[in-house]
Amino acid sequence: EGPLLILAGAGSGKTRVLTHRIAYLIEEKEVNPWNILAITFTNKAAGEMRERVDSLVGFGAESIWVSTFHSTCIEHLGYTTSFSIYDSDDQKTLMKQVFKTLDIDTKQYKERSVLGIISSAKDKLISPEEFLLNAGQDFRQKKVGEIYREYQNQLKKNNALDFDDLIVKTVELFQNDSQILDYYQERFRYIMVDEYQDTNTAQFKLISLLASKYGNLCVVGDDDQSIYRFRG
């Protein structure tokens with residue numbers, strides 16, 4: 001019970017720790033497999049963890065939810081079930097249309113760098129409205145805010161989300177609908193996160209909302225592999 005941070009160096013068996021913990025919870029502590037959520041960062045890692053959990057746990061393993069952050073977040077987002085997830089090429093194509101619609105000078109603003117700013121804003125859970133508010137009198141920032149707002153409008157019109165949206169929209173949903181949040185808090189009483197990076201505000205907020213009821217959060221990370229370590 002309770003929160004647990006495990007620091008483990010490269011090759012020391014981080015994923016093994018999580019899979020054995022899952023097995024221990026089910027076999028020794030008689031936790032219902034349905035109440036366990038294991039999150040990792042890539043489809044490959046999720047697949048590997050799924051295989052290990054299945055071979056270790058056997059009966060009931062199929063009801064453990066093992067997935068990436070993004071695929072955990074897809075349900076209930078107010079989009080029709082045929083929605084698309086835009087990859088980076090789709091995003092660039094859409095941004096070209098946005099530039100055209102808003103008559104943006106492509107010498108002054110580059111699609112790629114604007115997409116980077118938007119992604120960074122989403123990681124910090126900053127909406128287009130808040131972005132525009134923060135821009136104040138800064139002409140350039142205001143223009144980026146307008147592009148961001150139009151980009152989101154176009155995504156919605158196309159019944160599409162980008163990867164950042166999957167987490168951002170889920171956080172919004174949990175913050176705005178206590179019943180849905182309560183359902184998932186009850187469902188996922190034991191949460192385990194592999195390759196944990198605490199520098200992403202949106203991911204941290206999602207996890208803390210889910211874990212706030214029972215506090216059973218176990219994260220495994222390598223402080224030497226922290227992708228933002230150079231920032232101190």
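Ala, Val, Leu, Ile, Met, Phe, Trp, Tyr, Cys and Pro count here as nonpolar, Asp, Glu, Lys and Arg as charged, and the others, Gly among them, as polar. With that division, the lining of the second largest pocket has eight nonpolar, four polar and seven charged residues. The model is a predicted one.

The second largest pocket holds about 260 Å³ of space. Its lining consists of 19 residues, and those nearest the centre are Ser127, Pro128, Val168, Lys169 and Glu172. Four helices each contribute at least two lining residues: helix 5 (111-123), helix 6 (128-135), helix 7 and helix 8 (163-176). Helix 8 contributes the most to this lining, with six residues.

Helix 8 also takes part in two helix packings, one with helix 5 and one with helix 10. Two packed helices are described by the angle between their axes and the distance between the axes.

For helix 5 and helix 8, the angle is about 25° and the axes are 9 Å apart. Angles under 35 degrees count as roughly parallel, and helix 5 is therefore roughly parallel to helix 8. The two helices cross in a left-handed sense. On the helix 5 side the contact involves Ser119, Lys122 and Asp123, which meet Asp164, Asp165 and Val168 of helix 8. By class, this contact comprises one nonpolar, one polar and four charged residues. Val168 thus appears both in this contact and among the residues nearest the centre of the second largest pocket.

Helix 8 packs against helix 10 (residues 201-211) at an angle of about 35°, and here the axes are 9 Å apart. This crossing, too, is left-handed. From helix 8, Ile167, Thr170, Val171, Phe174 and Gln175 meet Ala202, Gln203, Lys205, Leu206, Leu209 and Leu210 of helix 10. These residues divide into seven nonpolar, three polar and one charged.

Helix 7, another contributor to the pocket lining, packs with helix 4. The axes of helix 4 (residues 88-101) and helix 7 (residues 139-157) come within 10 Å and cross at roughly 120°. The two helices are therefore oblique to each other. The crossing of helix 4 with helix 7 is right-handed. Helix 4 brings Gln91, Leu94, Met95, Val98, Phe99 and Thr101 to the contact, while helix 7 brings Ile147, Glu150, Tyr151, Gln154 and Leu155. Seven of the residues in this contact are nonpolar, three are polar and one is charged.

Definitions and conventions. Residues are numbered from 1 along each chain as its sequence is written. This is a predicted model: local features need pLDDT of at least 70, side-chain atom pairs count only at pLDDT 80 or more; totals for chains, interfaces and linings use all residues. Side-chain values use heavy atoms; hydrogens and water are left out. Axes are lines fitted to C-alpha atoms, for helices over the stretch in contact, and angles run from 0 to 180 degrees between N-to-C directions. Angles under 35 degrees count as roughly parallel, over 145 as roughly antiparallel, 65 to 115 as roughly perpendicular and the rest as oblique. A crossing is left-handed if the near helix is turned anticlockwise from the far one by less than a right angle, and right-handed if clockwise. Contact means heavy atoms within 4.5 Å. On a 1 Å grid over the protein atoms alone, a cavity is a set of points where a 1.4 Å probe fits but cannot get out, and a pocket is an open set with protein on both sides within 12 Å along at least five of seven lines; lining residues have an atom within 4 Å of a point. Grid points are joined across faces, edges and corners, and a volume is the space filled by probe spheres set on the points.
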